[in-house]
Amino acid sequence: MQSDRKTRFLTREEAIYFGLLAAVIFLILPMALDSFRLNLFGKYLSYAFVAIGLVLCWGAGGILSLGQGVFFGLGGYAMAMFLKLEASTPEATAIQSTPGIPDFMDWNQVTALPWWWEPFNSLAFTLVAVVAVPVAFAFIIGVAMFRRRVGGVYFAIITQAIAAILTILIIGQQGFTGGVNGITDLRTLKGWDIRSDEAKEILYFVNAGLLFACLFAAQYVRRSKLGRLLIAMRDQEDRVRFSGYDVASFKVFVFCLGAAFAGIGGAMFTLQVGFMSPTLVGIVPSIEMVIFAAVGGRLSILGAVYGTLLVNWAKTTLSESFPELWLLGLGALFIAVVMFFPNGLAGLWSEQVRPRLRKLFAGRGAGATPPAAPVPANSASAPDRPAAKAAAE
Amino acid sequence: MTDFSKPTMPGMSRRAVLAGGAALTASLFAPRGLRAQDFPTAAVNTTGLAVTDSTVTIGILHSVTGTMAISETGSVQAEKLAIEQINAMGGVLGRKIQFIQEDGASDWPTFAEKARKLLVNDKVASVMGCWTSASRKAVLPVFEQHNGMLYYPTFYEGLEQSPNVIYTGQEATQQIIAGLDWVNQTKGAKSFYLLGSDYIWPRTSNKIARKHIENFMEGCEVVGEEYYPLGHTQFNSVINKIKLRKPDVIYAIVVGGSNVAFYKQLKAAGIDPTKESPIVLTISVTEDEIRGIGGENVEGSYACMKYFQSLDNPNNIAFVDAFKKMWGADMVIGDVTQAAYLGPWLWKAAVEKAGSFDIDKVREASPGIELPTAPEGYVKIHENHHLWSKTRVGRARADGQYDVVFETADLVEPDPFPEGYQ
C-alpha cells in the first residue's frame, strides 16, 4: 500500500489541490476579472511556467539556475520573430528603405532578411523552435556543466553569467534582434488579431491549458522513479552515483525539461503582451523568477503557481497604489517570507494550516479517529524535511 | 477657433506663478478663464473619457523606480508643475486636471501594462509619459489600439510618426545638423570622431551625423565611429585611438552612467575639453547628467540641445523660479524636463482649440498649435506631430550650467524621416 501511494499519479488530496487550482484559473479569475485584469493574470501565468520548471530543477533536483530568463527569452523571441515577420509585409512597411523586413532592421541599415530569420516564416517551425531552441541550449549547458560535475553555487553563478551574456548579445546585435527596444508592435497570428479583447481571453485559456499540461508533466516526473532519484541526488549525490546511476544524465534531463517549460511560457508571454525584449532575458528577471518559486514554496509545483500569481499581483497593486514606495513593500514581503516561511506558501499550508484543519476534522470525528490518517501526512512531508534543513544551512 | 487658445497666451502662466497662491490667481483670471457650464460634459466628451462637470483625469507614466528613475523624475516634476499652474488658471475647458500616476519601473512590459491600465480602466484623456525609446515602442501599440494620446518628452531618433503621440522633444535631425554646421563654421572643424552607447538612438543619430558630414559639409570627414554597451566604463582604448587620429571634434552620444567614466578618463588622458583640441560635442549630456558626472569633468564641452536652464528670456525665468519653488532650490532643469513641461500645456491648447476632449478631435486640432509661453521660447506643433523648435549650442561651465553660445535664427522644422539621411 505504501509503494502504491508513492507511485500513484495523484493522491486524493493532491487531486483536490489540482482541482482547486483549476477552479481558480479556469472559473474564478475569468468570472471575477475584467478583460484588462484577466490579461494581466495571463501574463503572470506565463511566468508560472518558469516557476514550475524551477521547482523541478531546484526544489526537487537541487540545481539552482539563476538563468531561467534565458530559456524564457529564447522561447519568447522565437514566437516574436514569427509574429514580427507576419507584421512586416511589404505593404505595411512601405515607408522603409527596404520594405518587407522588420522595421528595426531597416533602422540599422540591414537590407536583407538574415538567413536564420527565414525559417521563422513558418508557424510549424516556430512552434517547434519555441521548445527545441531552449532545450537544445539547456542541453549544451547541462552537458558541459554536469558532466564536469559543476554544481551548487558555481552552477548558479555560471547560469547567471549566461543570462548576462545573452542580454549583451541581443542588445549588441540590434540590427538582427531589435536591441534594447526588443521586437515590438506584434499584431496578428496567421491573420488573427492578437490585440483584441476576445483574442486576449482566448489566449488566457490557451495559456492556462498549457500550464496544466506542464503541471501534469511535472507531477508525473515527481511521481516517477526519476523524481525520487532527483530528490536522492539533491540530498546525497555521491550515494546515488555509487549506486550506479548516471547522475549527470538525470540532471541534464530535468534542466532541459525546465527549459522547455520556460520556452513555452516565453512564447505565451509574447502572444499576450505583444512584444519581447531583453529586459525579460537578463539577470533581474531570472532572479525574480526564482523568487516566485521561493515565495510559493520551492518544493511544491502548485505552490509555485500560487507564488507567481501572488508576487505579481502584489507588484501590480502596490505599484498602482504607491508608485514611489512599492518596491520597499515588495522587499518587505520577500524578507518576511524567507524569514518566517522558508518553505513558502506551500510550507505554510502543509506545516500550519493543514494540521489544524486535520485536528478540527478529527475532533468532530467523535473519537473515531482513524490512526491511518496522520501517517500519510507525516510521510508525505518527510522527504521534504532534509531539504529544508539543507537549505537552511 | 483660435480664441479658445487665448487663455494660454504669453504672460498668463508667468503672472500666475508670480501671483503665487492658487486662490488669488483663480479670482484674477476667472473672467477670462473658460467656464465648465459653457462646455457641457456630454458635448465635450463623447467617447467615455474620465471627464466630469468639474474635473478631467490624465495619466502620468514614467519610471520612478529602477535605473531610469534618476532621469525621469525631472519629467514627472515638470508635468506636475504644469498641471498645477493650469489648474490655478481655471483648468482645461473649466475643468480641473486630476492625474493618476503610474510607475513604469524602468521595465518595458510594465510600461505596456500600465499604459493599458490608464487607457482601459482609468479612461484618461491623455497621458504624459515615457522616456526611453524602448518604453515608447512598448506602449505604442497600446495607444494605437485603444486610441489614447501620449505626450512624449525625450529627444529621440525619429523614424516614427504615430497619430497617437505628440513628440515634444526634438527628433534627431533637429538636434544634430545645426550643431555640426555651427562647429564647422565657427570653429573650422573638419574631422569628426563619432562614438556612442550601443542602442538605437546613438546609432541612428550618428548615422545622420555621418551622412551630414560626408554629403553636406564641404571637405569634412568622419575618422572613426564606435559603440559601447550601455553601462560600459572602459573608454581607454577609444581615447587612445582618438589621440592617434587627432580629430577636430569628438562627437559623443554616450548615455547614462557611462558618461561619468568617459569624461573622467578623457580628462585623465590629457584631453581637457576646455582646451578645445579636440572639441567635445555631445547631444546626450544635459544639466541633469552633469550632476552625476561632475561639472569640473565636463567643463568646456559643448552640448547641442533645444533648451538650457540658463536661457535668458522671461518665460524661462518664470519657469525656473516656479520649478525651484515647487521642488527645491537645488533642482536643475535639463532639456527633457522642459519638453515634459510643454506636454500638459500643448494638450490644454489642443483641447480648447477643439472644444472637446475627444482624442480624435484633439488630434485634428493639434497641428498648428502654438505655445508662445514655452520656456524654450515659441514652439509650434507640426503636421507630423513633432515640434518646431530652435537648436542651441551650450558650453558647459564648472557649476554644471551651460552658457548658450549659439542658437538658430529660425525654428527648425522637424523631419522624422529625413530624405538623404536614411
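Two strands pair if DSSP finds at least two bridges between them. The exercises below apply this to a predicted model.

**Exercise 1. Find which strands pair with β10 of chain B, and in which sense.**

Solution. Begin with strand β9 of chain B, residues 279-282, which pairs with β10(B) in the parallel sense over two bridges. Within that pairing, B:Leu281 stands opposite B:Tyr302 in β10(B). Next take strand β14 of chain B, residues 392-396, which is joined to β10(B) by four bridges and runs antiparallel to it. Here B:Met305 stands opposite B:Arg392 in β14(B).

A further step concerns the side chains. In a regular strand the side chains alternate between the two faces of the sheet. In strand β10 of chain B, residues 302-305, B:Tyr302 and B:Cys304 point one way, while B:Ala303 and B:Met305 point the other way, and all of them are buried.

**Exercise 2. Work out which strands stand at the edges of the sheet β11-β12-β13 in chain B.**

Solution. First establish the order: three strands of chain B form an open sheet, arranged β11-β12-β13, with antiparallel pairing. Because β11 (370-371) and β13 (387-388) of chain B each have a single partner strand, they stand at the edges, and one side of each is left without a neighbour in the sheet. Then look at one of the pairings, in which strand β12 of chain B, residues 379-381, is joined to β13(B) by two bridges and the two run antiparallel. In this pairing B:Ile381 has B:Leu387 of β13(B) as its bridge partner.

**Exercise 3. Describe how chain B is divided into domains and what each domain brings to their contact.**

Solution. Chain B is divided into domain 1, made of 2-170 + 311-389, and domain 2, made of 172-305 + 394-407. The centres of domain 1 and domain 2 of chain B, taken over C-alpha atoms, are separated by 31 Å. To the contact, domain 1 of chain B brings 16 residues and domain 2 of chain B brings 15 residues. On the side of domain 1 of chain B that touches domain 2 of chain B, α4 (69-88) and α14 (335-354) each supply at least two residues. Sorted by class, that side of domain 1 of chain B has seven nonpolar, seven polar and two charged residues.

**Exercise 4. Characterise the side of chain B that touches chain A.**

Solution. Start with the counts, where 31 residues of chain B are in contact with 29 residues of chain A. Then ask which elements of chain B take part: β2 (96-103), α5 (108-121), α6 (133-146) and α8 (200-216) each supply at least two residues of the side that touches chain A. Among these, α5(B) gives the most, with eight residues. By class, the side of chain B that touches chain A is made of 15 nonpolar, seven polar and nine charged residues.

**Exercise 5. Decide whether A:Thr184 is buried or exposed, and find its contacts.**

Solution. A:Thr184 lies in a loop of chain A, between α8 (174-177) and β1 (188-189). A residue is buried if 20 or more other C-beta atoms lie within 10 Å of its own. Because A:Thr184 has 26 other C-beta atoms within 10 Å, this residue is buried. Leaving aside neighbours within four places in sequence, A:Thr184 is in contact with A:Phe275, B:Lys137 and B:Ala138. The C-alpha atoms of A:Thr184 and A:Val273 are separated by 9.8 Å, although these two residues are 89 residues apart along the chain.

**Exercise 6. Set out the overall build of chain A and of chain B.**

Solution. Chain A has 18 helices and two strands. Its radius of gyration is 22 Å, close to the 21 Å that the globule rule gives for 393 residues, so chain A is as compact as a globular protein of that length. Of the 393 residues of chain A, 42% count as buried.

Chain B has 15 helices and 15 strands. The radius of gyration of chain B is 21 Å, close to the 22 Å that the globule rule gives for 422 residues, so chain B is as compact as a globular protein of that length. Buried residues make up 56% of the 422 residues in chain B.

One more step returns to chain A, where an unreviewed UniProt entry places the feature "transmembrane region" at several stretches, including residues 202-221 and 289-313. Over residues 202-221 of chain A the chain is 100% helix and 0% strand, with its end C-alpha atoms 29 Å apart. Over residues 289-313 of chain A the chain is 84% helix and 0% strand, and the end C-alpha atoms are 14 Å apart.

Terms used: Residues numbered from 1 in each chain as written. Chains lettered and ligands numbered in written order. Predicted model: local features only at pLDDT ≥ 70, side-chain atom pairs only at ≥ 80, totals over all residues. UniProt positions renumbered as here; feature names shortened; annotations may be inferred. Rg over C-alpha atoms; globule rule 2.2 N^0.38 Å. Buried ≥ 20, exposed ≤ 12 C-beta atoms within 10 Å, placed from the backbone. Contact = placed C-beta atoms within 7 Å. Nonpolar A, V, L, I, M, F, W, Y, C, P; charged D, E, K, R; others polar. Domains from an automatic or database assignment.
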